[in-house]
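Please walk me through this structure, beginning with the chain as a whole and ending with its aromatic pairs.

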Amino acid sequence: MPTRSMHDAHETTALRIPAGGVLLSADLTVPAGAEAIIAFAHGSGSSRHSTRNRYVAETLNGYGFATLLADLLTEEEEIIDLRTRHLRFDIPMLAGRLVDIAAWLQDQAKMKQLKIGWFGASTGAGAALIAAARRPENIMAVVSRGGRPDLAGDYLRDVTAPVLLIVGENDPQVLDLNKWALAQLNAQSKLEIVPNATHLFEESGTLEAAAFLAAQWFRDHLK
């Protein structure tokens, strides 16, 4: 399917989504004719303002996917976490909030017909996979970029959605963890190694390659 121009304007709406007993700030973008929505699970210390995830989201918008970039911590929690650094690693708690976000999406009149995919980065990938295992009827596909799927532990065997693990060639420790996770996942899942990329995909062309792989995966499994 040909992609629309990355420079096409898509209207973004600021939202507050109830999840885990709090209200989470989020940015929703819905291109005309979208049939699926990709919700982002950010990594430790990151937020909906992540430049890398926003780049991936814009790429997905260009392929006609709606995107939801939601903070998984409130502003007050972020302030606390800057000191304690414990909330960002509370993967089960973050997964619970992702489950609530998916339920909220399916309760919205304009979005309840959209298929849902998760895009997880770093520790957010572990939370996204737990969410997919806990609510398999809600999540149709998952992509992890430089993720820690191993943090999902025993939940990996319960994930029924097809999972794409994207890892940089020069990120050996995370690559080993992803190889281990792949062995626990279903047969539909796959590992893609991006040449020359390190953990943050800062090298020229590597983030673009990861975004394209994600768009292909969601196109194949959500369209």
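What radius of gyration does the protein chain have, and what would a compact globule with 223 residues have? The protein chain has 16 Å, which agrees with the value near 17 Å for such a globule; the radius is taken over C-alpha atoms, and the globule rule is 2.2 Å times the number of residues to the power 0.38. This is a predicted model, in which local features need pLDDT of at least 70 and side-chain atom pairs count only at pLDDT 80 or more, while totals for chains, interfaces and linings use all residues. Residues are numbered from 1 along each chain as its sequence is written, and side-chain values use heavy atoms, with hydrogens and water left out.

The protein chain holds 6 helices and 8 strands, these being DSSP runs numbered from the N terminus (helices H or I, at least four residues; strands E, at least two). From the N terminus on, their order is β-β-β-α-β-α-α-β-α-β-β-α-β-α. Buried residues, those under 20% relative accessible area with a 1.4 Å probe and protein chains only, make up 54% of the 223 residues.

Across the whole structure there are 2 aromatic pairs, meaning rings of Phe, Tyr and Trp (its six-membered ring) with centres within 6.5 Å, where planes under 30 degrees apart count as stacked, over 60 as edge-to-face and the rest as tilted. Phe 40 and Phe 119 form a tilted pair, 5.0 Å centre to centre with 40° between the planes. Because Phe 40 lies in strand E3 and Phe 119 in strand E5, this pair ties together parts that are 79 residues apart in sequence.

Conventions
Buried < 20%, exposed > 50% of the residue type's maximum accessible area, 1.4 Å probe, protein only.
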